[in-house]
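Reader: Hi! I'm in my first year and still learning to read protein models. Could you take a close look at one part of this one with me?

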Amino acid sequence: MAEPYDFKSVERKWQERWARDHTYAAPRIPSRDKYYVLEMLPYPSGDLHVGHAKNYTLGDAVARTMRMLGREVLHPMGWDAFGLPAENAAIERGIDPATWTRSNIANMKRQLRLMGTGYDWSREFATCEPEYYRWNQWLFLRLYERGLAYKREAPVNWCPHDQTVLANEQVIDGCCWRCGAHVERRNLAQWFLKITAYADRLLADLDRLDGWPERTKTMQRNWIGRSEGVELAFGVERTKGRIEAFTTRADTLFGVTFLAIAPEHPVIPLLKSVISKKHAEAIDTFASSLRSKSELERTSLMEKDGLFTGAYALNPLSHEHVPIWVTNYVLAEYGTGAVMGVPAHDERDFDFARKHGLPIAQVIVPLHHREALAPLEEAFIGDGRLIASDDFTGMSSARARKAIAQRLEAIGAGHESVNYKLRDWLISRQRYWGTPIPILYCEKCGEVPVPESELPVLLPPNAPITGEGSPLARIPEFVNARCPRCGGTAKRDTDTMDTFFESSWYYLRYLSPRDTQGPWNRDEAAGWMNVDQYIGGAEHAVLHLLYSRFFYKFFADRGWVTGDDEPFAHLFHQGFVLHDGEKMSKSRGNVVGIDETAERNGVDAMRLFLLYATPPEDTSDWTDEGITGRVRFINRVWRLCEACHPERSAEGAKSRDRQEAPAATTSAEKSVLRALNVAAKSAIDETTSRRFHYNTTIARLDELLNAMSALQREAPESHALRYAYSMIPLLLAPFAPHIAEELWERLGHTSSVHLERFPQPDESLIALDEITLVVQVNGKIRARLAVQPGLGEAEALALALAEPNVRAQLEGNKPRRHFYVPDKLLNLVR
């Protein structure tokens with residue numbers, strides 16, 4: 001009887017050995033073909049569960065396989081350590097954010113090691129360390145120098161009771177999550193990064209990202225939202241003011257029956273100067289009702305509403321008087337803050353006009369029509385032919401768009417323009433636990449960047465975090481400073497940076513995490529970048545990935561990185577892991593923890609189940625039956641290999657060296673050698689194709705064990721069986737690294753199995769000696785023939801006609817015709 005497999009001691013043994021020997025440390029600069037694989041930077045939130053483990057297990061399997069395929073692999077890990085949860089913990093539990101964060105990092109690092117991951121821990125960092133966020137500040141100043149970081153007023157969620165800015169997720173039903181006060185939208189001076197300066201490149205270069213999921217690229221295209229059209233100006237009646245609007249449908253200009261503007265539009269004070277007091281008060285009331293509403297609520301969730309201001313605009317071409325309405329769905333910070341209303345040719349405008357009794361003027365008809373359609377039941381939004389449009393009548397929509405744009409430009413009322421849904425990146429956060437913005441304010445010198453020699457601007461310890469107001473603004477020792485230009489008194493900026501800032505360049509810091517001369521070493525960046533494989537959730541398909549692409553293009557423009565100006569060559573989104581059909585959460589009580597799973601089932605079994613349950617991009621369900629099945633697999637491997645242990649046979653001494661595959665003399669031996677090579681080929685193909693469907697590879701390993709078991713019963717001393725046993729640790733290594741390492745050592749090897757070369761499949765051993773050819777007569781199966789692969793059509797027909805059952809169905813006649821699918825099917829028609 002084989003001794004039972006003690007997974008706890010084996011897994012602990014090898015985790016300690018890998019840490020001691022720095023088994024997975026990467027060189028400073030790769031000396032051969034490199035492979036940089038990276039999972040998205042994790043936030044240290046506390047305990048990991050098996051849903052988190054899916055991401056890290058997948059990345060680890062990829063890294064291990066590529067290392068065994070001969071690549072120089074870089075697979076680092078660090079921590080996205082700033083953020084709001086640490087401040088919430090400080091408020092709720094009185095815990096210092098730094099203490100809370102470091103405690104979580106220590107626990108999560110322990111759990112990642114427990115999972116048997118092969119990270120290069122020598123490159124570890126946390127973004128909350130001054131050694132890291134110093135370079136956040138340095139990069140901010142480089143952006144500032146180039147005019148890509150600037151300050152302007154922008155609306156925020158403001159709690160009037162706590163006197164603080166709230167994140168969108170802290171606003172619940174229009175109220176502050178902490179005190180319950182009604183939240184207002186208030187303008188505050190905020191820092192922005194001018195990502196719109198890179199909008200065209202960010203959009204165009206998506207076409208080069210062949211290694212990205214198409215749905216992710218589509219999401220980024222939609223987020224950037226490039227549209228070509230006309231920016232035109234409507235005059236404001238009885239004033240010299242103008243209201244600018246952008247439209248992609250200049251051909252509908254003669255169908256404008258109202259102008260919709262945001263309640264916060266800067267033209268509002270001008271309108272109030274020419275309208276009645278009653279109208280002005282109504283505008284104020286309407287605007288007040290929207291102060292607690294988020295952008296999402298106003299643009300997507302609320303019913304579209306508005307009110308007439310009492311003022312009129314002038315259509316620049318028709319010179320018609322157009323009523324100006326303030327509406328809840330137009331935002332001051334998006335586009336020009338004004339939208340021309342064309343009910344006949346826009347669905348939203350159509351519904352709004354019907355609700356408020358506004359005219360619907362049709363100016364486009366289908367190409368085969370000459371006159372307006374009967375009263376419209378819905379907006380006609382397609383292109384067509386213009387009607388009721390002065391001298392543009394009769395033109396096609398495409399021609400009219402060009403002609404109207406030229407007319408507007410000729411009279412100084414508009415011009416062709418490109419518009420983007422993408423807006424500049426607001427990075428200001430009125431919170432403590434983040435990177436301080438390195439700007440000073442001097443009464444004499446104005447806005448002054450902190451000198452590089454004074455970086456980092458450190459977060460002061462023991463900040464009073466109460467949830468009321470800005471913590472940094474209440475610390476005089478932090479706020480009060482000297483102006484580096486004039487030596488006079490100055491005040492520090494008390495905002496901190498959006499945490500997306502530090503996660504937009506961290507992949508470069510891994511290359512030289514202890515460098516004190518720059519954020520990264522350029523020689524090392526030239527050797528390792530770009531990231532060959534990036535793995536993470538689809539929830540980051542837009543912001544994190546878009547911001548990282550923006551940063552990397554800026555770095556390329558500055559000459560700080562070379563080669564392709566895209567940071568991630570290939571991108572993979574893993575699916576979720578559910579439990580009982582629901583996403584895991586403590587509130588549902590359905591969390592399956594890593595610690596408990598490792599204790600009960602073992603880490604290798606957990607890894608195998610996560611990789612085996614479904615293709616990695618799909619959502620899988622954690623089940624007791626599934627994990628139990630992988631535990632049985634591990635025990636079966638152990639029992640089988642123990643029975644074949646080389647010390648028990650005369651072949652023991654030879655097993656220490658990699659052997660050539662022996663010649664197979666029986667069908668059972670052929671099955672073992674074929675299954676072994678099929679499994680090796682599957683692992684390589686799934687990795688190099690970047691599909692990562694290791695579920696199929698593990699299924700092939702199941703088949704290999706079945707074949708080995710059958711051969712063991714038939715010929716326990718078979719050379720083919722001994723050879724398969726010597727290969728099993730290599731095949732298992734990327735997926736079940738602990739048992740693989742243990743079995744490899746028991747074969748007499750002194751080096752790590754993870755530093756060995758992966759078995760290369762022999763195609764001649766994969767090829768089948770015979771296949772089953774299905775024979776049909778008039779579409780019904782009448783025979784199955786065991787034939788050699790590649791059998792010719794004439795030979796197949798002859799063998800089929802020799803079959804008694806086939807001859808009986810043909811009643812002695814020759815088939816009228818036949819259809820042959822080589823190695824699969826022969827269909828005879830009588």
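Which residue in β24 is the bridge partner of E39?

Author: Your residue is I535: in β24, that's the one bridged to E39. Before zooming in, keep in mind that this is a predicted model.

Let's start with the two strands you're asking about. Strand β1 covers residues 34-39 and strand β24 covers residues 533-535, and they pair in the parallel sense over three bridges. They belong to an open sheet of four strands, and if you walk across it you meet β2, β1, β24 and β25 in that order. The pairing in this sheet is parallel. At the edges you'll find β2 (72-74) and β25 (571-572), each of which pairs on one side only.

Now look for the helix lying against this sheet. That's α2, residues 50-68, and it touches β1, β2, β24 and β25. Its direction makes about 175° with that of β1.

How does this part fit into the chain? The domain assignment gives domain 1 as 30-125 + 522-578, so to speak two stretches of sequence. The other entries in that assignment are domain 2 (136-194 + 424-497), domain 3 (226-419), domain 4 (594-766) and domain 5 (771-829).

While you're here, try finding P85. It sits in helix α3, which runs over residues 84-93. With a relative accessible area of 38%, P85 counts as partly exposed. Setting aside its neighbours within four places in sequence, P85 is in contact with Y43 and W100. Then jump along the chain to I771: that residue is 686 residues from P85 in sequence, and their C-alpha atoms are separated by 61 Å.

I771 is a handy signpost, since strand β29 spans residues 771-777. Four bridges join β29 to β32 (residues 825-829), and the two run parallel. One pair to pick out is Q776, which stands opposite N827 in β32. Helix α25 (residues 793-801) packs on the sheet here, touching β29, β30, β31 and β32, and its direction makes about 65° with that of β32. The sheet itself is open, with four strands ordered β30-β29-β32-β31 and mixed pairing. Its edges are β30 (780-787) and β31 (817-821); each has a single partner strand, so one side of each is left without a neighbour in the sheet. From one strand to the next, the twist averages 15°.

One more stop, this time a pair of helices. The axes of α18 (residues 603-612) and α21 (residues 694-714) come within 7 Å and cross at roughly 120°. That crossing makes α18 oblique to α21. On the α18 side, the contact is made by L608, L611 and Y612, while α21 brings in Y694, N695, I698, A699 and D702. Sort the residues of this contact by type and you get six nonpolar, one polar and one charged.

Finally, zoom out to the whole chain. It has 26 helices and 32 strands, and its C-alpha trace spans about 105 × 85 × 50 Å along the principal axes. Of its 830 residues, 55% count as buried. Among contacts between residues at least 6 apart in sequence, 72% join residues at least 24 apart. As for the domains, the centres of domain 2 and domain 5, taken over C-alpha atoms, are separated by 80 Å.

Note on methods:
Residues numbered from 1 in each chain as written. Predicted model: local features only at pLDDT ≥ 70, side-chain atom pairs only at ≥ 80, totals over all residues. Heavy atoms only, no water. Axes fitted to C-alpha atoms, helices over the stretch in contact; angles between N-to-C directions. Parallel < 35°, antiparallel > 145°, perpendicular 65-115°, else oblique. Contact = heavy atoms within 4.5 Å. Nonpolar A, V, L, I, M, F, W, Y, C, P; charged D, E, K, R; others polar. Domains from an automatic or database assignment. Pairing = 2+ DSSP bridges. Buried < 20%, exposed > 50% of the residue type's maximum accessible area, 1.4 Å probe, protein only.
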